[in-house]
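Hi,

Here's the structure I said I'd pass along. Have a look, and my notes on the ligand site and the salt bridges are underneath.

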Amino acid sequence: MKKLKPKEIEDIRRAAELLFLSKNAIVLSGAGISTESGIPDFRGDSGIWEKYKPEIYGNIQSFLTDPSKFWKMAEDIAPTLFSAEPNPGHYAIADLEKMNIVKAVITQNIDQLHQKAGSIIVYEVHGNINRFTCLGCRASYNKEQILRKLKKEKKQVPGCNYCGAPLKPSVVLFGENLPNFEKYMSIDLAKKSDLMLIAGSSLEVAPICDLPLYTLSEGGKLIIVNDEPTGLDKRAEIVLNNKTGTILPLIVEQIKKMIVEDELKN
Ligand code: APR
């Protein structure tokens, strides 16, 4: 763990105070919150897109032309993805929901680690890896069925049992629309939020990277915890360039102290 600088310690206290006093705080998380669970992010050092070009491996047109490329990348990443466990960053966010401070988590991640850590109100704007759909007849398979199928058939591209068309995980690829409910719910939440805690996202992918702008336009504030600078740092109240697994639990610890002090006063 990187030693915290005095300014970081002060910023952690300030972030805790903003969250403690907030009325409608939400979290926007990205792949960076899951790297400490062993899942690579996309654009950080040794990110997925360093190894697999997104226009070939993460794009719907490319998938429809030749699904084997996507499935080759999936084969490489799936074992890590399926065996990953939440890390202290996920648990800290689940604690903030239990403390009725965070009202919802909007996540770009497909790994379901927020839910595994105990978060309940989670909007997966890029889908998740729990369902696989047939592009031909829309038959739907769960993760266990696909893993059994891949093991038994030894085919790189699993085909539908009913019509033989290729199967695709229910994740949003470049060139695809986001699920409507999650997309419009996230915009509504961002507009109504007085504080958005952004954890582990480069904020480079639309339309989700615009969500913080809705919060700002309605007078809300941003806290960014990311180990690299982002394009919105200048508009954030607080920026902590450090690991989410380090910073978020320390923020929760500070809030718990504030709650005790508040109870002692009243
Ligand atoms: N703590 C804090 N920040 C971290 C950590 C960590 N432990 N690990 C990585 N980061 C930072 C990286 O430096 C990077 O800035 O998290 C950020 C992750 O950014 P991306 O890899 O771009 O991930 P994300 O913002 O979620 O990407 C959005 O792009 O490719 C699509 O669909 C994909 O959902 C993804 C979307």
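A backbone N or O atom of A31 sits 2.8 Å from an oxygen atom of the ligand, and F42 does something similar, with a backbone N or O atom 2.7 Å from a ligand oxygen. There's also a nitrogen atom of the ligand 2.9 Å from a polar backbone atom of T244. On its own the ligand exposes 730 Å², and the protein buries 96% of that. Bear in mind that this is a predicted model.

The shell around the ligand has 22 residues, with F42, R43, S201, S202 and D227 the closest. By class that's five nonpolar, 11 polar and six charged. Domain 1 (1–36 + 87–126 + 179–266) and domain 2 (40–83 + 130–171) both contribute to the shell, so the ligand lies between them.

On to the salt bridges: there are 13 in the structure. D227 turns up here too, pairing with K243 at 2.6 Å, N to O. That pair links distant parts of the chain, 16 residues apart: K243 is in the loop between β9 and α11, D227 in the loop between β8 and β9. K243 is partly exposed at 37% relative accessibility, and so is D227 at 39%.

Two others sit within helices. E17 and R13 meet at 3.4 Å; they are four residues apart in helix α1, so about one helical turn separates them. In helix α9, D188 and K192 have that four-residue spacing as well, with their closest N and O atoms 2.8 Å apart. D188 is partly exposed at 32%, while K192 is exposed at 54%.

Cheers

Definitions and conventions. Residues are numbered from 1 along each chain as its sequence is written. This is a predicted model: local features need pLDDT of at least 70, side-chain atom pairs count only at pLDDT 80 or more; totals for chains, interfaces and linings use all residues. Side-chain values use heavy atoms; hydrogens and water are left out. A residue is near a molecule or strand if one of its heavy atoms lies within 4 Å of it. A polar contact is a pair of N or O atoms within 3.5 Å; within protein, one must be able to donate a hydrogen and the other to accept it, and residues adjacent in sequence count only if both atoms are side-chain atoms. Accessible areas come from the Shrake-Rupley method with a 1.4 Å probe; for residues, only the protein chains shown count as cover. Ala, Val, Leu, Ile, Met, Phe, Trp, Tyr, Cys and Pro count as nonpolar, Asp, Glu, Lys and Arg as charged, and the others, Gly among them, as polar. Domain bounds come from an automatic or database domain assignment. A salt bridge is a side-chain nitrogen of Lys or Arg within 4 Å of a carboxyl oxygen of Asp or Glu. Buried means under 20% relative accessible area, exposed over 50%, partly exposed in between (1.4 Å probe, protein chains only).
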